[in-house]
Amino acid sequence: MPSRSRCHRVTGGRADAMSKKFTPTPHDAVFKQFLHDKATAQDFFDIWLPDDIKALCDWETLKPESETFIDPDMKPYQSDILYSVNAKGADGYIYCVLEHQSSPDKLMAWRLMRYSMAAMQRHLEAGHDKLPLVFPVLFYCGEKSPHLYSTNWLDCFERPDIAAKIYSQPFRLADVTTLDDDAIMQHRRMALLELVQKHIRRRDMTELLDSIVKLLSYNYYTDTQVITMMNYLIQEGNAASPRTFITEIAKRAEKHEEALMTIAEALKQEGRQEGIQEGVQRVARQLLADGVSPSIVKHATCLNENELMNLKNK
């Protein structure tokens, strides 16, 4: 009986020790433990990377990247290991993303692409101005053999053929700065936006008055769109008198006259307020120049201390 008791205690101790070391993802854990060793990782790359990619790498510079390099939003879903290596004989970097998988995932190619893009983004955030090459490798040891799904991320789309056309050529550029104004005027509901944004930095926006009125006459736009555009013109455009500009458009654009006149009246009121404020500041500046105490000037003009300080420093 005593021997059984001792045996029970030893066995119990082992069970406790093993339970403390238990990991819910043992396949991932052992993979990461091995591949975090740089010498082991180099053997991995020598076995699995294509020869043309290996030829680009200066293996003396191989180093593991910290886990913070990976996109933190993807943390719960990843078991990645990321290594960087300098490109041989040239400025540049190559990253290798390693992903372990013990059960098939038909979207794994997309996950690897996301990991690769995350590595690229962090590379830019580190101060580089060009994207690095990122070579993803999927290490599979699942129960089902062989691996079931494509490793081409384009196959994750409903229409891989269309996706290949979209993502294998330059993106479409809608450069309004190169368009002729007459061509823009034919673009229906896009015309007003394109015309104004093409010319927003020109010296005098009133040169666009006739074109804007013509476009508004087509009844393409809602009052909300027109108000938004006029506010944009006032904020970012150049016009000697924004109120006069808006009022003239209102007179000639009947459908939107009420909305435009509301803006014009608001500008008129704003002008009054600005004029009053400028007058108060002139009085305060003169009082300060005459040696009147700042506290008295503050009380008389209702300006705050920062405003008075700015006036004194001008």
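## A nonpolar surface patch

In this predicted model, Phe 157, Ile 162, Ile 166, Tyr 167 and Phe 171 together form a nonpolar patch on the surface, and their combined accessible area is about 490 Å². One of these residues, Ile 162, belongs to helix α6, which spans residues 160-167. Ile 162 counts as partly exposed, because its relative accessibility is 35% and that class lies between the limits of 20% and 50%.

## Overall make-up

The protein contains 14 helices and 4 strands, and 29% of its 314 residues are buried. About 21300 Å² of the protein is exposed, with carbon and sulfur atoms supplying 53% of that area. Of the contacts between residues at least 6 apart in sequence, 57% join residues that are at least 24 apart.

## Helix α3 and its two sides

Helix α3, covering residues 38-48, has Ala 41, Phe 44 and Phe 45 as its buried residues. When the helix is viewed down its axis, these buried residues fall within an arc of 95 degrees, so they line one face of α3. An α-helix has 3.6 residues a turn, and therefore residues three or four places apart point the same way. On the other side of α3, Ala 39 and Ile 47 are exposed.

The buried residues of α3 pack against helices α2 (26-35) and α4 (51-54), and also against the strands β1 (57-64), β2 (81-87), β3 (93-101) and β4 (133-140).

## Cysteines

The count of disulfides in the model is 0. For Cys 96, the closest cysteine sulfur is that of Cys 57, at 5.8 Å, which is too far for a bond, because a disulfide requires the two sulfur atoms to be within 2.5 Å. Cys 96 is buried, with a relative accessible area of 2%, whereas Cys 156 is partly exposed, with a relative accessible area of 26%.

## Backbone features in loops

Most residues other than glycine have a negative phi, and most peptide bonds are trans. Against that background, the peptide bond from Ser 145 to Pro 146 is cis, with omega near 0 degrees, and Pro 146 lies in the loop between β4 and α6.

Two residues that are not glycine have a positive phi: Arg 188, at about 50 degrees, and Asn 219, at about 60 degrees. Arg 188 sits in the loop between α7 (181-184) and α8 (191-199) and is exposed, with a relative accessible area of 55%. Asn 219 is placed in the loop between α9 (209-216) and α10 (223-236), and at 45% relative accessibility Asn 219 counts as partly exposed.

How values were computed. Residues numbered from 1 in each chain as written. Predicted model: local features only at pLDDT ≥ 70, side-chain atom pairs only at ≥ 80, totals over all residues. Heavy atoms only, no water. Patch = residues over 30% accessible without salt bridge, like charges linked within 9 Å, V, L, I, M, F, W, Y side chains within 5 Å. Areas by Shrake-Rupley, 256 points an atom, 1.4 Å probe, with all protein chains shown as cover. Salt bridge = Lys/Arg side-chain N within 4 Å of Asp/Glu carboxyl O. Helix = DSSP H or I, 4+ residues; strand = E, 2+ residues; numbered from the N terminus. Buried < 20%, exposed > 50% of the residue type's maximum accessible area, 1.4 Å probe, protein only. Contact = heavy atoms within 4.5 Å. Arc of directions from axis to C-beta.
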